[in-house]
Amino acid sequence: MIAEKKRQEILFAAAEEFIERGYAAATLSSVAGRLGLTKGALAHHFPAKEQLLVGLGEQLSQAIIDSEKITKVAYPDSGIHSAVAYMVHLGAIAAKNIQVAAALQLLTDRGAPPSVISELIFVWLDGLARFLKQAQDSGQISKTIDTHEAAEFMLTTNIGTTLIPSRTKTPQNRRKRLNFIRLGMLSLGAENANTVVDEVLLSGYIDVPAISPPAEQLVN
């Protein structure tokens, strides 16, 4: 339990560092400094910077898996509702969990190792493609669409909406992001896209509890 607490404290600090400085500029020393540790003490838990990314990636991967499971329960009979909820729910998690938020931001960071990033993208992409296939099979979106290509298009758009806020002082515009989701659904032939998005938002489905940072700092 103590070891896991220390691990989470370090990952919170790493998340803050990656968000503020990007992957290339962040160092083990700078992460350690946020916790009042020496680089050597930090390296006992995470010997290399890439392992910090892997740790954050595990948080994102678990959030993606959890979102898919919850979505299946919430909308077992509607692939189109599931596809929308799947994207919105993960965004809601990221808004309250800095580790997931940092991992999402690093998906667009060219300095981050592709070997770690690509695996995360495919986990997310495959889940979305499954929901879109369900929507297609039930006649909710066009039969002529390649659902894997559609999932890639929607995921790219979804990730892209975080790019400008993460690189500028412009605050995240949640309404704009939702409009992109609506447009994405319309492009797939979902005539009731606006209604679907509104129903998902009003359902209470995206009520995600906040994840607080550790109350105590690490000690050597």
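A salt bridge is taken here as a side-chain nitrogen of Lys or Arg within 4 Å of a carboxyl oxygen of Asp or Glu. By this criterion, a search of the whole structure, which is a predicted model, identifies nine salt bridges.

The protein in which these pairs occur is built from eleven helices and zero strands, so that the order of elements from the N terminus reads α-α-α-α-α-α-α-α-α-α-α. Of its 220 residues, 46% count as buried. Among contacts with a separation of 6 or more, 71% are accounted for by residues 24 or more positions apart.

Helix H1 (residues 2–25) takes part in a salt bridge with helix H4 (residues 49–74). Here Glu58 pairs with Arg7, and the closest N and O atoms are 2.6 Å apart. Because Glu58 belongs to H4 and Arg7 to H1, the pair ties together parts that are 51 residues apart in sequence. Both partners are partly exposed: the relative accessible area of Glu58 is 43%, and Arg7 has a relative accessibility of 24%.

Helix H4 also supplies Glu68, which forms a salt bridge with Arg130 of helix H7 (residues 114–137). The closest N and O atoms of this pair are 2.9 Å apart. Since Arg130 lies in H7 and Glu68 in H4, the salt bridge ties together parts that are 62 residues apart in sequence. The two side chains differ in their accessibility class. Glu68 is buried, with a relative accessible area of 9%, which places this residue under the 20% limit for burial. Arg130, by contrast, is partly exposed at 46% relative accessibility.

A further salt bridge joins Arg34 and Glu20, with an N to O distance of 2.7 Å. Arg34 lies in helix H2 and Glu20 in helix H1, and the pair links distant parts of the chain, 14 residues apart. Arg34 is partly exposed, its relative accessible area being 27%, whereas Glu20 is exposed, with a value of 58%. Both residues belong to a network of salt bridges in which Glu16, Glu17, Glu20, Arg21 and Arg34 are linked. Side chains of opposite charge can pair when their charged atoms come close.

Helix H2 (residues 28–35), which carries Arg34, also contains buried residues, namely Leu28, Ser30, Val31, Ala32 and Leu35. An α-helix has 3.6 residues a turn, so residues three or four places apart point the same way. Just after H2, Gly36 adopts a positive phi of about 70°.

Helix packing was examined for helix H5 (residues 79–96) and helix H11 (residues 193–202), whose axes are 9 Å apart and form an angle of about 55°. This angle makes H5 oblique to H11, and the crossing of the two helices is right-handed. On the H5 side, the contact is made by Ile80, His81, Val84, Ala85 and Val88. Helix H11 contributes Val196, Val197, Glu199, Val200 and Leu201. By class, the contact comprises eight nonpolar residues, one polar residue and one charged residue. The polar residue is His81 and the charged residue is Glu199.

How values were computed. Residues are numbered from 1 along each chain as its sequence is written. This is a predicted model: local features need pLDDT of at least 70, side-chain atom pairs count only at pLDDT 80 or more; totals for chains, interfaces and linings use all residues. Side-chain values use heavy atoms; hydrogens and water are left out. Axes are lines fitted to C-alpha atoms, for helices over the stretch in contact, and angles run from 0 to 180 degrees between N-to-C directions. Helices (H or I, at least four residues) and strands (E, at least two) are DSSP runs, numbered from the N terminus. Angles under 35 degrees count as roughly parallel, over 145 as roughly antiparallel, 65 to 115 as roughly perpendicular and the rest as oblique. A crossing is left-handed if the near helix is turned anticlockwise from the far one by less than a right angle, and right-handed if clockwise. Contact means heavy atoms within 4.5 Å. Buried means under 20% relative accessible area, exposed over 50%, partly exposed in between (1.4 Å probe, protein chains only).
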